[in-house]
Amino acid sequence: MRKLLWTIVCSAGFVENAQTTATLNHKALTLKRFMDKNHYQPLVWNDTSSARLYHKWMDYLDGEKLFFTQSDMAKLEPFKTKLDEEMNGQGWEFFRLSADLFRKRIIKADSLVKSIFSKPLDLSAPESLQYPFAGFATTDAELLQRWKKYCKWQVLRKIADDNDSVNLVASAFTAAEKKASALQKQQEEKYFQRLLNSSPAAFIKDLEDVYLNSIAWCYDPHSSYMNMAKKDEFETTISASEYSVGFE
């Protein structure tokens, strides 16, 4: 097991180092060949494994169903049973399509949240929330309502965590709500900034590594893909010695 783990870690470095300028599909095929050769139980790529990769990837992108709408899913779901064909070298469309849609939806969600916090939240109306959501929003208007409910829920949680809600008088509640809303707005802004990264290219690069890791996960939940930076970090954590240059 230890030998197998080391082999997988080394391979992750090999893929990243040997194909620095290679396209993602070339990296994916190289990873597939390595896993097929070295894994104790090679994965048969068919409709079942295709759906496994699809659901793993979509769960990473929007497991809470706060970004995509049903119209987005209508573009992505046809690939659910076609990713095995891509993994066998027949086309390569799904990743870029899903990544581009994801970035657009993050930008959209960012604008929705900004509009929500541009005025005080209405916490007077009784509402219910089932979270995570069971399905994707049918329209952008429904998506806005989801974000409103989500933000209200998070603000109320902050108020409850920071105060004795039983004895919280109206005047104190107003101040607590203002503080909680400001904090939630700041957290959401940082969240979207982290998702969008510094540039579209960096955004895609980060997602590529996650997609490759999703492919490795399909073989078994304990297999992981690592780029060179993560490989070095991992080797440092399991090593008895740590090499560094500079000050102690």
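User: Which element gives the most to the lining of the largest cavity, and with how many residues?

Analyst: Helix 8 does, with 4 residues. This is a predicted model, in which local features need pLDDT of at least 70 and side-chain atom pairs count only at pLDDT 80 or more, while totals for chains, interfaces and linings use all residues. Residues are numbered from 1 along each chain as its sequence is written, and side-chain values use heavy atoms, leaving out hydrogens and water.

User: How is a cavity to be read, and which residues line the largest cavity?

Analyst: Rolling a probe the size of a water molecule over the atoms shows where empty space is left. On a 1 Å grid over the protein atoms alone, a cavity is a set of points where a 1.4 Å probe fits but cannot get out; a pocket is an open set with protein on both sides within 12 Å along at least five of seven lines; lining residues have an atom within 4 Å of a point. Here the search of the whole structure finds 1 cavity of 30 Å³ or more, and the largest cavity holds about 30 Å³ of space (grid points are joined across faces, edges and corners, and the volume is that filled by probe spheres set on the points). Its lining consists of Asp-110, Val-113, Lys-114, Phe-117, Lys-185, Glu-188, Glu-189 and Phe-192. Helix 6 and helix 8 are the elements that give two or more residues to this lining.

User: What is the chemical character of the lining of the largest cavity?

Analyst: It divides into 3 nonpolar, no polar and 5 charged residues. Ala, Val, Leu, Ile, Met, Phe, Trp, Tyr, Cys and Pro count as nonpolar, Asp, Glu, Lys and Arg as charged, and the others, Gly among them, as polar.

User: How does the largest pocket read, and which residues lie nearest its centre?

Analyst: The largest pocket has a volume of about 340 Å³. Of the 20 residues that line the largest pocket, Tyr-60, Phe-102, Leu-195, Leu-207 and Val-210 lie nearest its centre. Helix 3 (47-62), helix 8 and helix 9 are the elements that give two or more residues to this lining, with the largest share, 5 residues, coming from helix 9. By character, the lining of the largest pocket has 10 nonpolar, 3 polar and 7 charged residues.

User: Helix 8 lines both spaces. Which residues of helix 8 are buried, and what covers them?

Analyst: Helices (H or I, at least four residues) and strands (E, at least two) are DSSP runs, numbered from the N terminus. Helix 8 (residues 170-196) has 27 residues and reaches 39 Å between its first and last C-alpha, close to the 39 Å expected (1.5 Å times one less than its number of residues). Buried means under 20% relative accessible area, exposed over 50%, partly exposed in between (1.4 Å probe, protein chains only). In helix 8 the buried residues are Ala-176, Glu-177, Ala-180, Ser-181, Gln-184, Glu-188, Phe-192 and Leu-196. Their cover includes helix 6 (94-116), helix 7 (140-162) and helix 9 (200-219). Just after helix 8, Asn-197 takes a positive phi of about 65°.

User: What does the protein chain look like as a whole?

Analyst: Its secondary structure comes to 10 helices and 0 strands. Buried residues make up 39% of its 248 residues. Of the contacts (heavy atoms within 4.5 Å) with a separation of 6 or more, 75% join residues 24 or more positions apart.

User: How many disulfides are there, and are the cysteines Cys-151 and Cys-218 buried or exposed?

Analyst: A disulfide is a pair of cysteine sulfur atoms within 2.5 Å, and by this rule the count is 0. Cys-151 has 0% relative accessibility and so counts as buried; Cys-218, at 3%, also counts as buried.
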